[in-house]
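Trainee: I keep reading labels in structure notes without knowing what earns them. Can we take one model and ask where each label comes from?

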Amino acid sequence: MFLRAIGRPLMAKVKQTTGIVGLDVVPNAREVLIELYGKTLKEIQAVPEDEGYRKAVESFTRHRLKVCQEEEDWETIEKRLGCGQVEELIEEARDELTLISKMIEWDPWGVPDDYECEVIENDAPIPKHVPQHRPGPLPEEFYKTLETISIGQKESKPEVTSGESQSKA
């Protein structure tokens, strides 16, 4: 019994480096993550319940918190979450806490009902400061492939006229 209580933490794998410049190893990463995720779930309560931001943050934070509570080993946590190293997750959680406080301050969901935004019609000139994202033309091969597929589907599938039954029993 004594060896299990003392020996298990001593036998746990110790991470030497993250391999990322400027990101130090956090020896108690699991505990730090559990604390940060708890704070996140507490602070996100200030955001209205029906907001997508709150729903998304609560969803992924609860999932990550559950994994951290179920697993003891940092390698298993990293593998189950699939979102990078635990040290990166700690940075993300801290950033999310900062963002939550900013979102509460900015109050983007508090747009008045009578607020009108400017709508730019297609023929109106676009201001120079607004980026234009227009995809280039598709290659000719795309259209040839599309045409080949369309013709192949028409030949292999007989057309159903309005008088025929679509299901054959």
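Mentor: Here we go through some labels one by one, and keep in mind that the model is predicted.

Trainee: Fine, start with the overall picture. What makes up the chain, in helices and strands?

Mentor: The chain has six helices and zero strands, and read along the sequence the pattern is α-α-α-α-α-α. Of its 169 residues, 22% count as buried. Among contacts with a separation of 6 or more, 60% come from residues 24 or more positions apart.

Trainee: Let's pick helix H4, then. Which of its residues are buried?

Mentor: In H4, residues 74-81, the buried ones are Ile 77, Glu 78 and Leu 81. Looking down the axis of H4, these buried residues fall within an arc of 95°, so they line one face of the helix.

Trainee: A glutamate in that list surprises me. Why is Glu 78 called buried?

Mentor: Set the value against the cut-off: buried means under 20% relative accessible area. Glu 78 has 16% relative accessibility, so Glu 78 counts as buried.

Trainee: And what does Glu 78 touch?

Mentor: Leaving out residues up to four places away in sequence, Glu 78 touches Lys 15, Cys 83, Gly 84, Gln 85, Val 86 and Glu 87. As for H4 as a whole, what covers its buried residues includes helix H2 (29-43), helix H3 (52-70) and helix H5 (86-106).

Trainee: What makes H4 roughly perpendicular to H5?

Mentor: The axes of H4 and H5 cross at roughly 65° and come within 9 Å. Angles of 65 to 115 degrees count as roughly perpendicular, so H4 gets that label relative to H5. From the H4 side, the contact is made by Trp 74, Ile 77, Glu 78 and Leu 81, and from the H5 side by Val 86, Glu 87 and Leu 89. By class, that is five nonpolar, no polar and two charged residues.

Trainee: What comes right after H4, and what is its phi like?

Mentor: Gly 82 follows H4, with a positive phi near 60°.

Trainee: Is there another positive phi to look at, and what makes it worth a remark?

Mentor: Asp 107 has a positive phi of about 55° although it is not a glycine. Most residues other than glycine have a negative phi, which is why a case like this gets a remark. Asp 107 is in the loop between H5 and helix H6 (140-156).

Trainee: Why is Asp 107 called partly exposed rather than buried or exposed?

Mentor: Partly exposed is what lies between under 20% for buried and over 50% for exposed. Asp 107 has a relative accessible area of 35%, so Asp 107 is partly exposed.

Trainee: On to charges. How do you know that Glu 87 and Lys 15 form a salt bridge?

Mentor: The rule asks for a side-chain nitrogen of Lys or Arg within 4 Å of a carboxyl oxygen of Asp or Glu. For Glu 87 and Lys 15 the N to O distance is 2.7 Å, and the pair counts as a salt bridge. Glu 87 lies in helix H5 and Lys 15 in the loop between helix H1 (2-11) and H2, so the pair ties together parts that are 72 residues apart in sequence. Both ends are on the buried side of the cut-off: Glu 87 at 2% relative accessibility and Lys 15 with a relative accessible area of 12%.

Trainee: What about Arg 64 and Glu 92?

Mentor: Their closest N and O atoms are 3.1 Å apart, and they form a salt bridge. Arg 64 lies in helix H3 and Glu 92 in helix H5, so this pair ties together parts that are 28 residues apart in sequence. Arg 64 counts as buried at 12% relative accessibility, whereas Glu 92 is partly exposed with a relative accessible area of 36%.

Trainee: Why does Glu 70 with Lys 66 still make the list?

Mentor: The closest N and O atoms of Glu 70 and Lys 66 are 3.9 Å apart, and the limit is within 4 Å, so the pair passes. Both residues lie in helix H3, four residues apart, about one turn of the helix. Salt bridges that share partners join Lys 66, Glu 70, Glu 71 and Arg 80 into one network.

Trainee: How many salt bridges does that rule give?

Mentor: The count comes to 12 salt bridges.

How values were computed:
Residues numbered from 1 in each chain as written. Predicted model: local features only at pLDDT ≥ 70, side-chain atom pairs only at ≥ 80, totals over all residues. Heavy atoms only, no water. Buried < 20%, exposed > 50% of the residue type's maximum accessible area, 1.4 Å probe, protein only. Helix = DSSP H or I, 4+ residues; strand = E, 2+ residues; numbered from the N terminus. Arc of directions from axis to C-beta. Contact = heavy atoms within 4.5 Å. Axes fitted to C-alpha atoms, helices over the stretch in contact; angles between N-to-C directions. Parallel < 35°, antiparallel > 145°, perpendicular 65-115°, else oblique. Nonpolar A, V, L, I, M, F, W, Y, C, P; charged D, E, K, R; others polar.
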